[in-house]
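Q: Please take a close look at one part of this model, the place where the two chains meet, and describe it with care.

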Amino acid sequence: MNVGFLCRIQFAITIAFHFLFPPLSIGLAWLLTLVEWRAWRRGDRVADAAGRFFGKILGLTFAVGVATGIPMEFQFGTNWSRYSRFVGDIFGAPLAAEGVLAFFLESGFLGLYLFGRKRVSKGWHWFSILMVALGSTISAFWILAANSWMQTPAGFIIRNGRAELTSFREAVFNASMWPRFCHTFDACLIAGAFLMAGVSAAVLLKDRRNPVGRYCMKLALIFGLITSLAEAFPFGHVHAQQVARTQPAKFAAIEGLYTSRENAPLVMFAVPFTQPPQLKAKAELPGLLSWMAFGNVHARVRGADEFPADQLPPLWLTFVSFHNMVVLGLYFIAITTWGVWRLWRRRLFEGTRFLKLLVWSIPLPLIACQLGWMAAEVGRQPWAVYGVLRTADAFSTNLTAPMLVFSIIMFCILYALLGSLYVYLLVKKVRHGPDALEPPEAFSEAQLSGAKLDFPRQKELVRS
Amino acid sequence: MTLAAIWFILVFVLLGGYAILDGFDLGVGALHLFARGEHERRVAMNAIGPVWDGNEVWLLTAGGALFAAFPPVYAAVFSGFYIALMLVLACLMFRAVSMEFRGKVNSARWRRAWDVAFGGSSTLLPILFGVALGNVLRGVPLEVDGTYDGTFLGLLNPYAILVGVLTLVALTMHGAAFLAFKSDGKMHERSRRAAVGLWVVFVVLFVTTSVATAVAAPSLLRGSSSPIAWAALAMLAIAMFGFPMALRRRRLSVAVLASGAIIAAMMALAAIGLFPRLLPSSTDPSASLTIYNSSSSHRTLLAMLVIALIGMPLVIGYTTLIYRAFAGKVVLTEDSY
């Protein structure tokens, strides 16, 4: 086994496992911002109980997300030291900015949100979940800015044997930054919505009258429908158009266009084969790809044959991951539309089939995230920084295969343990269900004054 | 003062902030192994519960700042200390999840397992950090292109291990003061006594390490005549003698500040000794990575400084607010771990 390959495997495992958790916590944090707002402003006891229930789930998800996130920042140095030396002048800044502007915010206020329910006023408590949501979103912004720079590098020149920054603004707001951020951020919201909907469905399957389950189910389905629609259009569409313009080789690979042509068809379904690359059992719509990419059915789209072999990403994996992501995206629109339809016809809480489907749909947005990320990152190959630095020139040369194998095995065991414990504890929490609603008297007192609860410095806190 | 020098200071400020803030978290974690009974264990965990996560961010930000400001140093240290860092990562992960997982299942064996994971990782981390710092102080074999040319076992030299033990004792002492500050009753008394005992061990180890530094890393003492070095030494001396006095007079907040000042002063002395080097080479002094041959471009350092000047005051502001919300002794509620 060569070191470069092992470095890639380790990085892929690290990111893939970590990337299961942030979408859930970002999506859930924004949903909780809505829930806690209602609990605070309207004094709604159901929303308050929902906040306590999903707040616990957020805490659990966040803990695993934080734990698995640390290795990523370390690995640029450990596994990709040649990369770090070459692009550190540009790539390090977003990571540092993420720490200063995002991590402090989300982790500081998460503590206040999770432990401060009885210590600070309702308003401050709502503010703390808002800061958690905002912090985690800013964090996504900076890490995606860094990732986008690897896809569509800008704002630099090659000097002194490294990439040197010429414009911080151009480097951060590079060509793929906004399309990627919107697409990924919306994917996080979908993941949060499906978690909330699925958990509520599980609660309702046990107790059809549970008010927390009913309230959260409605909220999550409407939220899920809006975000799923927005994911396809405009966000997915705009992102694909940007890839067609800035990374044509990747576009050819993910869309399965192996020969350049005008009036290029959109492949709806196909079974891809390698050597030679070809698609069999195709179902395609003529001209649609040209139209979607360039707004004109006659536009010429560059196919894989136009690029030398050493500049093409692996064709099979990119095609499969991209198309399955799209299928899942359509499924999200379909199921949330169905759910909102049932809600409108007042049949949402009848029957068990739809509720069970929602429970089993919880992991699907995460799978879609993984597939999308694979299409994006494998599609960038053979480059670490598109057109600038090859992956083969990026890994650390002073590592040995046994060292890597040792740590890969160690982390696989650790991740298997963490992953299964997370699922176990999540299921246990959901089985236990939401706690009973607070009695009305205690609740209204708590939510109106806040200051009476054992927090002597309440007034000072508000003033400062 | 050049931007590179400012960033040298800022990286050490971030590392120092981490050592002081997460230092008491780790110290409390190590002492957690000696807590008696379920109530004490929960008090120890909840003493740091709302704040440890934010404290850990200082390490992540220091790592990010090192990457951005001095990429070759980040690359050399992280790839060179590969195995050691993987162990650090495993420990950080165990510590993070053990607190969250522990209370979630009502079984004595389950809780015991996570207690061991929590205490064990909190004990191992300061040692690993100390060993890494010891190696940086002593210098590591570097090739001309700035890659580390040594082995994992090469990191486990006597001097580095001594610094590792000193770090563990210093942070546990700091944690004991913090735990005394946050607890009451018997736990408070025992934590206070532990802090005094650890202080004695710390003083002995500190003297030993100082002598060992003069032997193993004499180049660190070059800057010792500068006024800043004297200021740091004076702060160290005052804090070192103030610590047990504050404990005896039951001024626990003063004691926590004193142990924090001890850690800050030691970090400052390390930085003064190293300057302008970030990673000295033990084989060829001219191969050392310094702020002159390893810094990022002026534009990057400036952009980062702007971000830091906007961000850090905000961070310090709201972190203070959050600490104040959790002021006072630990009270266990339904929201606690």
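A: What follows describes the contact between the chains and then turns to one of the partners. This is a predicted model, in which local features need pLDDT of at least 70 and side-chain atom pairs count only at pLDDT 80 or more, while totals for chains, interfaces and linings use all residues. Residues are numbered from 1 along each chain as its sequence is written, and chains are lettered from A, with ligands numbered from 1, in the order in which they are written.

Taking two residues to be in contact if their C-beta atoms, placed from the backbone, lie within 7 Å, 56 residues of chain B touch 59 residues of chain A. On the chain B side, helix 3 (52-69), helix 4 (71-80), helix 5 (82-102) and helix 12 (298-325) each supply at least two residues, helices (H or I, at least four residues) and strands (E, at least two) being DSSP runs numbered from the N terminus. Helix 12 of chain B gives the most to this side, with 15 residues. By class, the side of chain B that touches chain A holds 36 nonpolar, 14 polar and six charged residues, where Ala, Val, Leu, Ile, Met, Phe, Trp, Tyr, Cys and Pro count as nonpolar, Asp, Glu, Lys and Arg as charged, and the others, Gly among them, as polar.

As for the partner, chain A has 16 helices and eight strands, and its C-alpha atoms fill a box of roughly 75 × 50 × 40 Å, taken along the principal axes. Within chain A, residues 24 or more positions apart account for 76% of the contacts with a separation of 6 or more.
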